[in-house]
Amino acid sequence: MFSCAMSKKFFQTSIRRFLGMWNHHKYSKMNLMLSRIKTNSEKNKEYVLWTGFFSIWPSSMDNDERAKDKKAVLINSILEVSDNVFETGKYEECYNLLINCENKEDVEIKWRISRVLYNMAKDQKYNQSYRKELTLKAHEVISQELPSHYDHFAVQKWYALTLEAKSKSEGLKQRIEQLETVKKHMDLAVSMNPNDASLLHMLGEWCYQITDLPWHQRKTAETLYAKLPNSTYEDALEYFLRAEEAQPRFYSINLLRLGMCYLKLNMEDQAKYYLKLAASYPAKSNDDHQANKEAAEILKKIK
């Protein structure tokens, strides 16, 4: 058995070595516990000694947990603010908020950076060279997250969308070569979240563009590059309808595509219904202005 004095000295030294650095308050509490060791039995001294040790251990663990909780709260606050800014269309402001935050390597931050860069690249106020640069950066950011977050819905979604935009900016050959890969990652994403309206719209857009390609252009492309995948207007319509069901009136181009699909399928009444919605959609973005214009022009032709 240790003597009381030796026990104190040994225990204090052990604590310093085991726990490293303790602040004055915690260490004073430990000394207070040690000073209360009684001399009536060695057994009681050992008990108080080790009880004192374990009574201070949870304090460190609690601090670690509090630090983690504080970090989680901070990240969630940043995400909430950035999402609200993004929804208002202030993409540069959103980007600056995300890129300058302390936890910018977190996957929840990274996919949002990719998303905002992707949307900035669609803004016509930038020149073509800068838009391409933004597109490439958006894809680079999300590509870094794919290996370690393959089962993350947003990572799969924005990998697919940025890959499609990147291949489109690099020319017809690249776009054709990446079509199947883009579809693969969109399918993976929608299997994780079947009710994401924007993703369902993009799947519809993929089907629509494949189907709408004129026969002679398809044959030329297949001769020069690679065989193209097949789809139908019915496939596209199904995705556009699912997107509208998931989030009604969420996107002017979705309404436009619904009208165009119905028109392709000779369902004029349904086509007019959605084209009128697209033509009168409140214009807040370039896409909205495009939908307004195209829908109005189509309606003039079919009246």
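The paragraphs below lead through a predicted model of a single chain, from its overall make-up to individual residues.

The secondary structure of this chain consists of 14 helices and 0 strands, so that, read from the N terminus, the elements run α-α-α-α-α-α-α-α-α-α-α-α-α-α. Of the 303 residues in the chain, 41% are buried. When contacts between residues at least 6 apart in sequence are considered, 57% of them join residues that are at least 24 apart. The area that the chain exposes comes to about 17900 Å², and carbon and sulfur atoms supply 53% of that area.

Helix α8, which spans residues 172–192, is a convenient place to begin, and L172 lies in it. Together with L224 and Y225, L172 makes a nonpolar surface patch of about 310 Å². H185 is found in helix α8 as well, but this histidine has a relative accessible area of 5% and is therefore counted as buried, the limit being under 20%. What does H185 touch, once its neighbours within four places in sequence are left aside? Its contacts are then with L146, Y150, Q156, Y159 and A160.

Helix α11, residues 233–246, contains E244, and the surroundings of this glutamate can be followed in some detail. Is E244 buried or exposed? Because its relative accessibility is 7%, E244 counts as buried. Apart from neighbours within four places in sequence, E244 is in contact with R249, F250, N254, L255 and L258. Two of these residues also appear in polar pairings with the glutamate: a polar atom of the E244 side chain lies 2.6 Å from the backbone nitrogen of R249, and the side chains of E244 and N254 are joined by a polar contact of 3.3 Å.

R249 itself is placed in the loop between α11 and α12, the latter covering residues 252–264, and its relative accessibility of 37% makes it partly exposed. The backbone of R249 deserves a separate look, since its phi is near 60°, a positive value in a residue other than glycine. Most residues other than glycine have a negative phi. A second case is N266, which is not a glycine and yet has a positive phi of about 60°. N266 sits in the loop between α12 and α13, with α13 comprising residues 268–279, and it is exposed because its relative accessible area is 72%, where the limit for that class is over 50%.

The aromatic side chains complete the tour. A pair of aromatic rings is described by the distance of the centres and the angle of the planes. How many aromatic pairs does the structure hold? There are 7 of them. One is the tilted pair of F86 and Y91, with 5.2 Å from centre to centre and 45° between the planes. Within that pair, F86 counts as buried at 10% relative accessibility, whereas Y91, at 23%, counts as partly exposed. Another pair, formed by Y126 and Y130, is edge-to-face, with 5.1 Å centre to centre and 70° between the planes; the angle places it in this class because planes over 60 degrees apart count as edge-to-face. Here Y126 has a relative accessibility of 12% and counts as buried, while Y130, at 32%, counts as partly exposed. Finally, Y262, Y273 and Y274 form one aromatic cluster.

Key:
Residues are numbered from 1 along each chain as its sequence is written. This is a predicted model: local features need pLDDT of at least 70, side-chain atom pairs count only at pLDDT 80 or more; totals for chains, interfaces and linings use all residues. Side-chain values use heavy atoms; hydrogens and water are left out. Helices (H or I, at least four residues) and strands (E, at least two) are DSSP runs, numbered from the N terminus. Buried means under 20% relative accessible area, exposed over 50%, partly exposed in between (1.4 Å probe, protein chains only). A polar contact is a pair of N or O atoms within 3.5 Å; within protein, one must be able to donate a hydrogen and the other to accept it, and residues adjacent in sequence count only if both atoms are side-chain atoms. Contact means heavy atoms within 4.5 Å. Patches are made of residues with over 30% relative accessible area and no salt bridge: like charges are joined within 9 Å, nonpolar side chains (Val, Leu, Ile, Met, Phe, Trp, Tyr) within 5 Å. Accessible areas come from the Shrake-Rupley method with a 1.4 Å probe; for residues, only the protein chains shown count as cover. A salt bridge is a side-chain nitrogen of Lys or Arg within 4 Å of a carboxyl oxygen of Asp or Glu. Rings of Phe, Tyr and Trp (its six-membered ring) pair if their centres lie within 6.5 Å; planes under 30 degrees apart count as stacked, over 60 as edge-to-face and the rest as tilted.
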